[in-house]
Amino acid sequence: MRVARFADGRAASPGESRSRVLFHAAGLPAPDLQREVRDAGGRWCATVDFWWDGSPPVVGEFDGEVKYGRLLPPGRTAGQVITEEKIREDRLRDLGLHVVRWTWRDLDAPAALLTRLRTRLPPR
């Protein structure tokens with residue numbers, strides 16, 4: 001029953017789900033998932049994997065490798081997708097958000113990731 005209550009269909013990948021389990025086990029505050037980020041004029045800028053309210057807010061992004069490989073949009077190269085992702089992250093930072101990124105490797109040995117998040121998140 002606890003697993004069913006914890007499940008959240010907004011998690012967009014196994015890596016995001018595994019991240020949520022890690023955050024819960026580590027006692028971090030629960031993030032909002034797939035949060036739309038808008039600029040001061042209300043224009044959509046991005047949808048982020050994880051969002052924690054704070055001053056400033058913290059955005060978390062899990063980077064699986066499929067979006068740079070087999071799930072590349074037709075006609076796009078991995079380099080183009082990576083460049084677009086960097087521009088997207090710059091837009092988020094320009095809005096004053098802290099952005100923390102991680103990969104499967106970070107989930108396998110999460111101490112450094114948890115430290116990065118704890119230093120940015122408000123105390124629980």
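Visitor: Which is tryptophan 52, buried or exposed?
Guide: Its relative accessible area is 2%. The model is predicted: local features need pLDDT of at least 70 and side-chain atom pairs pLDDT 80 or more, while totals for chains, interfaces and linings use all residues. Numbering starts from 1 along each chain as its sequence is written, and side-chain values use heavy atoms, leaving out hydrogens and water. Buried means under 20% relative accessible area, exposed over 50%, partly exposed in between (1.4 Å probe, protein chains only), so tryptophan 52 is buried.

Visitor: What kind of aromatic pair do phenylalanine 23 and tryptophan 52 form?
Guide: Rings of Phe, Tyr and Trp (its six-membered ring) pair if their centres lie within 6.5 Å; planes under 30 degrees apart are stacked, over 60 edge-to-face, the rest tilted. Here the centres are 5.4 Å apart and the planes stand at 65°, so the pair is edge-to-face.

Visitor: How many residues apart in sequence are the parts that this pair ties together?
Guide: Helices (H or I, at least four residues) and strands (E, at least two) are DSSP runs, numbered from the N terminus. Phenylalanine 23 lies in helix α2 and tryptophan 52 in strand β2. The pair therefore ties together parts separated by 29 residues.

Visitor: Which kind of pair do phenylalanine 50 and tryptophan 52 make?
Guide: Phenylalanine 50 is buried, at 0% relative accessibility. Its ring lies 6.1 Å from that of tryptophan 52, centre to centre, with 15° between the planes. That pair is stacked.

Visitor: Which element supplies the largest share of the largest nonpolar core?
Guide: Such a core is a set of buried Ala, Val, Leu, Ile, Met, Phe, Trp, Tyr and Cys residues joined through side-chain atoms within 4.5 Å. This one has 15 residues; Phe23, Phe50, Trp52, Trp102, Leu113 and Leu117 touch the most other members. At least two residues each come from α2 (14-25), β2, β3, β4 and α5. The largest share, three residues, comes from α5.

Visitor: Which strands stand at the edges of the open sheet?
Guide: Two strands pair if DSSP finds at least two bridges between them. The four strands run in the order β1-β2-β3-β4, with mixed pairing. Two have a single partner strand each, so one side of each lacks a neighbour in the sheet. They are β1 (32-38) and β4 (98-102).

Visitor: Which residue in β3 is the bridge partner of tryptophan 52?
Guide: β2 (residues 44-52) and β3 (residues 58-62) pair in the antiparallel sense over three bridges. In β3, the partner of tryptophan 52 is valine 58.
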